[in-house]
Amino acid sequence: MEAHMNARAMGMCPIPPSRSAATPRLHLHHLLLLLALASDMEDAHHHHWTMVERRGTQLWASGRPFIIHGFNTYWLMSFAADQATRLRVTAAIAEAGLNVCCTWAFSDGGYRALQTAPFHYDEDVFRALDFVVSEARRHNMRLILSLYYGGKAQCVRWGKEAGLDLTSEDDFFSDPTIKSYYKAFVEAVVTRINTVMNETYKDDPTILAWELINEPRCPSDPSGDTLQAWIEEMASYVKSIDPVHLLEIGIEGFYGPSIPELLPVNPDEYSGHAGTDFIRNHQAPGIDLASIHVYSDIWLPHSIKENHLQFVDKWMQQHIDDAANLLGMPIVVGEFGVSVKDGKFGNEFCEDFMKTIYRIFLSSWKEGVIGGGCLLWQLFPEGAEHMDDGYAVIFAKSPSTLSLLANHLRCLEC
Ligand SMILES: *[C@@H]1O[C@H](CO)[C@@H](O)[C@H](O)[C@H]1NC(C)=O
C-alpha cells in the first residue's frame with residue numbers, strides 16, 4: 001500500500017521499474033499496439049460485443065469492469081459525409097486505439113447538415129453517421145453520441161421562422177414546439193437502422209451512451225428549474241424509446257442552488273447562476289452517468305498555472321465524491337484539455353494537466369470508489385489540423401502525449 005501511494009504521489013502507476021524505464025523509448029507503433037489493447041481486452045476473452053451497463057458506481061461489459069479511456073473528435077460525421085475526407089474518420093478511430101470516442105450525432109441547418117429543417121433529415125449525412133458507427137465497431141471502439149449542442153441557436157431560429165414568439169435561446173428548454181423538434185430528432189437518431197450494419201442504433205452495443213445535450217446553460221433561470229424540467233422530460237423520453245443504453249446529460253458540472261455549500265467549488269460566481277446544477281440535474285430519473293468537463297484554461301482566465309492544477313484537483317475530487325456518495329453513479333469526465341492557441345500554456349503544462357486528471361480518477365477507481373472514465377478533448381489524425389480549436393493532440397506530432405496515454409492505460413490494467 002505504501003509503495004502504491006508513493007508511486008501515485010509521483011504521478012506514476014505502480015509498475016516495475018524496467019517497464020517504466022522503457023517508456024520514453026517506445027516507438028509510435030508500440031504505443032498504438034499497447035493502446036489497442038484497451039479496446040481488445042474485452043474481446044480477447046469474450047466473443048460477443050455486449051452492451052456496457054451500469055452496476056452501482058461502476059461500468060461493466062462482458063462480465064468485467066469497463067473503464068473509459070477515451071477521446072473526443074466531434075467532426076466524424078461531417079468528415080464521413082464527404083468522400084474526400086472520409087478516410088480521416090477511419091484514421092481517427094483506428095490510430096487512437098482508445099476504447100471510447102465521443103462525437104456529434106447532430107448537425108443542423110448548415111453545410112451538409114443532418115437535420116435540414118425541423119423533421120427533415122439528409123439521408124446521405126445519416127449514412128455518414130452509419131459509417132462512423134460501423135467503423136467504431138470494426139475497431140472495437142465504443143461511442144458516446146451527443147444528440148444536441150448547448151448553442152441551441154438553430155432550433156430557436158426555426159421556431160421564429162415558424163412564427164413562434166421566442167425571446168431568447170433559453171426558450172429552447174421551455175417552448176413546446178421547440179421541444180417537439182428536439183424529440184423528433186432524437187427519435188430519428190435512436191431508432192435509425194444503420195445501413196452498413198443493418199442494426200438499429202438503439203440495439204447496438206457500439207453505442208455506450210447517449211448524451212442529451214452538450215454543455216447546456218440556461219442563465220435566464222438561475223434557479224435551475226427550467227433546465228431541470230427539460231432534463232427530466234427528455235431523459236424520460238429517451239428512455240421510453242431506448243430503455244437499454246446508458247444516458248448522460250453533458251453538463252459542465254457547475255454546482256447550483258440545490259446545495260449552496262458546494263457553490264465555492266465552482267470556478268467563479270457566474271457559474272453558480274448558469275441555470276445548471278450538478279447534483280440536482282443528475283438526480284433526474286433516467287440519468288445513468290454523471291458527467292463533467294474540466295476547462296480550467298477558460299474558467300480561470302487570470303490564474304497562474306499552479307492554481308489551475310489545484311482547481312482541477314479539487315473539482316475532480318469533489319465531483320467524484322458526489323457521484324459516488326450522493327448520486328451513486330459512475331462519473332464520465334467527458335471533456336478536458338488545454339488550449340495552446342494563445343500561447344499562455346505549452347505542451348508541458350497540457351501534460352501536467354492530463355496527468356492530474358488521470359491520477360485522480362485512477363486513485364478513486366483503484367480504491368473502488370468510482371467507475372466511468374475520462375475522455376480527452378481532443379485527439380486528431382493528421383490531415384484534420386484545420387479543425388483544431390487549439391486543444392487538438394495530433395497523433396503523429398505528439399509522441400510524449402501518446403506515451404502519457406499509454407501509461408494511463410497500463411495504470412488501468414495493473
Ligand atoms: C436486416 O435485419 C432484419 C432483421 O434483423 C432482417 O429481417 C433483414 O433481412 C436484414 N436485411 C438485410 C439487408 O440484411
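Does R112 count as buried, exposed or partly exposed, and how many C-beta neighbours does R112 have inside 10 Å? In this predicted model, R112 has 16 C-beta neighbours inside 10 Å and therefore counts as partly exposed. The residue lies in the loop between β5 and β6, the latter spanning 115-117. Its backbone is notable in one respect: phi of R112 is positive, at about 50°, although R112 is not a glycine. A positive phi is also found at E215, a residue other than glycine, where the value is near 55°. E215 is placed in the loop between β11 (207-211) and α9. With 19 C-beta neighbours inside 10 Å, E215 is likewise partly exposed, because a residue counts as buried only if 20 or more other C-beta atoms lie within 10 Å of its own.

The protein chain as a whole contains 14 helices and 17 strands. It has 414 residues, of which 47% count as buried. Among contacts in the chain with a separation of 6 or more, 73% are between residues 24 or more positions apart.

Eight strands form an open sheet in the order β12-β11-β8-β5-β4-β15-β14-β13, and the pairing is parallel. The edges are occupied by β12 (246-248) and β13, each of which pairs on one side only. From one strand to the next, the twist averages 25°.

Within this sheet, strand β4 (residues 67-72) is mostly covered, with six of its six residues buried. The side chains of the strand are divided between two directions: I67, H69 and F71 point one way, whereas I68, G70 and N72 point the other way, and all are buried. Strand β4 pairs with strand β15 (residues 372-377) in the parallel sense over six bridges, and I67 stands opposite G372 in β15. Strand β4 is also joined to strand β5 (residues 100-104) by three bridges, again with the two strands running parallel. In that pairing, N72 of β4 stands opposite C102 in β5. Strand β5 in turn pairs with strand β8 (residues 142-146) in the parallel sense over five bridges, with V100 opposite R142 in β8.

The chain that leaves β15 contains a cis peptide bond, which joins W377 and Q378 with omega about 0°. Q378 is placed in the loop between β15 and β16 (379-380).

At one edge of the sheet, strand β13 (residues 290-294) is mostly covered, five of its five residues being buried. A290, I292 and V294 point one way from β13, and S291 and H293 point the other way; all are buried. Five bridges join β13 to strand β14 (residues 331-336), and the two run parallel. The bridge partner of A290 in β14 is I331. With respect to the helices, what packs on the sheet by touching β13 and β14? This role is taken by helix α12 (residues 305-327), whose direction makes about 175° with that of β13.

A further open sheet consists of three strands in the order β1-β2-β3, with antiparallel pairing. Strands β1 (53-55) and β3 (64-65) stand at its edges, each with a single partner strand, so one side of each is left without a neighbour in the sheet. Strand β2 (residues 58-61) is joined to β3 by two bridges, the strands running antiparallel. In β3, P65 is the bridge partner of W60.

Helix packing is illustrated by α8 (residues 176-190) and α9 (residues 225-241), whose axes come within 10 Å and cross at roughly 30°. The two helices are therefore roughly parallel to each other, as angles under 35 degrees count as such. The crossing in which α8 passes α9 is right-handed. On the α8 side, the contact is made by Y182, K183, V186, E187 and V190, and on the α9 side by M234, Y237, V238 and I241. These contact residues comprise seven nonpolar, no polar and two charged.

Conventions. Residues are numbered from 1 along each chain as its sequence is written. This is a predicted model: local features need pLDDT of at least 70, side-chain atom pairs count only at pLDDT 80 or more; totals for chains, interfaces and linings use all residues. Axes are lines fitted to C-alpha atoms, for helices over the stretch in contact, and angles run from 0 to 180 degrees between N-to-C directions. Helices (H or I, at least four residues) and strands (E, at least two) are DSSP runs, numbered from the N terminus. Angles under 35 degrees count as roughly parallel, over 145 as roughly antiparallel, 65 to 115 as roughly perpendicular and the rest as oblique. A crossing is left-handed if the near helix is turned anticlockwise from the far one by less than a right angle, and right-handed if clockwise. Two residues are in contact if their C-beta atoms, placed from the backbone, lie within 7 Å. Ala, Val, Leu, Ile, Met, Phe, Trp, Tyr, Cys and Pro count as nonpolar, Asp, Glu, Lys and Arg as charged, and the others, Gly among them, as polar. A residue is buried if 20 or more other C-beta atoms lie within 10 Å of its own, exposed if 12 or fewer, and partly exposed in between; C-beta atoms are placed from the backbone. Two strands pair if DSSP finds at least two bridges between them.
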